[in-house]
Amino acid sequence: MTTLFRALRAEGHKLLTLPSARLAVALGVLLPAGIAALNARSPHWSGDVDAGFTELGVGGAIGAIVLGVVAVSSEYTTEGEESAATRQITTTLTATPARLVALTAKLTAVGLLALALAATAGVATFTAVHLVRGEPAAAVTAGRVLGVQFYLLCTAWLALAVTVLTRNGIVPMAMLIANVSVVSVTYLLSKVTDAAHYFPDVAGPHMFLRDAATEAHFAPVTAGLVTLAWVTALLAPAAVVFCRRDA
């Protein structure tokens, strides 16, 4: 247990001092708040039931994805100020030889920062809507706020798991960000097959959106369980690969 706490403290310090991690938090907070403010200023704004939550599901997810990716990819880079001219993973595994402990510490550090990102983004986004419109964002409930928190936490962990498997941040970051912000391949697939409704970025938002743009309808708890199942399904092989392959 002492080893885990020591590893967690080291991972937390590493993450908080990582410029790209700070950028991820800034993106995750400022993007949804900025988009929500712009939408609220529109003369066509209707103040629908998902006002603010839709922006959190996109802008907040981008920040969570970047956070999950850079937490791992920074370990393998050999360029830039974050790497100190060597691969950080060597130092990490020297300090914490038990690889499962090292991965657990990284997951915990990323998870805590993702939750802080989600909470701050929620406050900033709903405050932005209130300031622009002079009225609170519609239907902000504790359950929906918790849904956003859990969705962004799982998004960060999914990004982390994919990056552990690839050991490269460029491909997973590009694919995951494009999928939640530009062209959602999984959403397009959901128009072809019902199975695609169970992808995490399609099912997950049902935890907090009440008018999700999908033909399938999940109860918030069901959406959370589907998303958690994806996290488990990707983290399990990621842990095996991390523990077995060469650094």
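Here are four short exercises, with worked solutions, on the predicted model shown above.

**Exercise 1. Find which residues L67 touches beyond its sequence neighbours, and decide whether L67 is buried or exposed.**

Solution. Start with the location: L67 sits in helix 3, which covers residues 53–76. Next, look at its surroundings. Setting aside residues up to four places away in sequence, L67 touches L15, A21, A24, V110, L113 and A114. Then check the accessibility: L67 has a relative accessible area of 0%, so it counts as buried, since the cut-off for buried is under 20%. Finally, try a C-alpha to C-alpha distance: L67 and G28 are 9.0 Å apart in space, with their positions 39 residues apart in sequence.

**Exercise 2. Work out which salt bridges E75 forms with K14 and K106, and what network they belong to.**

Solution. Begin with K14: the closest N and O atoms of E75 and K14 are 2.8 Å apart, and the pair forms a salt bridge. E75 belongs to helix 3 and K14 to helix 1 (residues 2–16), so this pair ties together parts that are 61 residues apart in sequence. Both partners are buried. Now turn to K106, whose side chain meets that of E75 in a salt bridge, again given as 2.8 Å from N to O. This pair links helix 3 with helix 5 (residues 99–133), and its residues are 31 apart. E75 and K106 are both buried. Put the pieces together: salt bridges with shared partners join E11, K14, E75 and K106 into one network.

**Exercise 3. Locate the partners R144 and D50, and decide whether each is buried or exposed.**

Solution. First, the pairing: the side chains of R144 and D50 form a salt bridge, at 2.6 Å from N to O. R144 lies in helix 6, while D50 lies in the loop between helix 2 (19–41) and helix 3, so many as 94 residues apart. Then the accessibilities: R144 is buried at 2%, and D50 is buried at 3%. For the wider tally, the model has five salt bridges.

**Exercise 4. Describe the setting of T155: where does it lie, and what does its side chain meet?**

Solution. T155 is part of helix 6, residues 142–166. A polar atom of its side chain lies 2.7 Å from the backbone oxygen of Y151. Leaving out neighbours within four places in sequence, T155 contacts A61, A64 and I65. With a relative accessible area of 10%, T155 is buried.

Key. Residues numbered from 1 in each chain as written. Predicted model: local features only at pLDDT ≥ 70, side-chain atom pairs only at ≥ 80, totals over all residues. Heavy atoms only, no water. Helix = DSSP H or I, 4+ residues; strand = E, 2+ residues; numbered from the N terminus. Buried < 20%, exposed > 50% of the residue type's maximum accessible area, 1.4 Å probe, protein only. Contact = heavy atoms within 4.5 Å. Polar contact = N/O pair within 3.5 Å; in protein donor to acceptor, adjacent residues only side chain to side chain. Salt bridge = Lys/Arg side-chain N within 4 Å of Asp/Glu carboxyl O.
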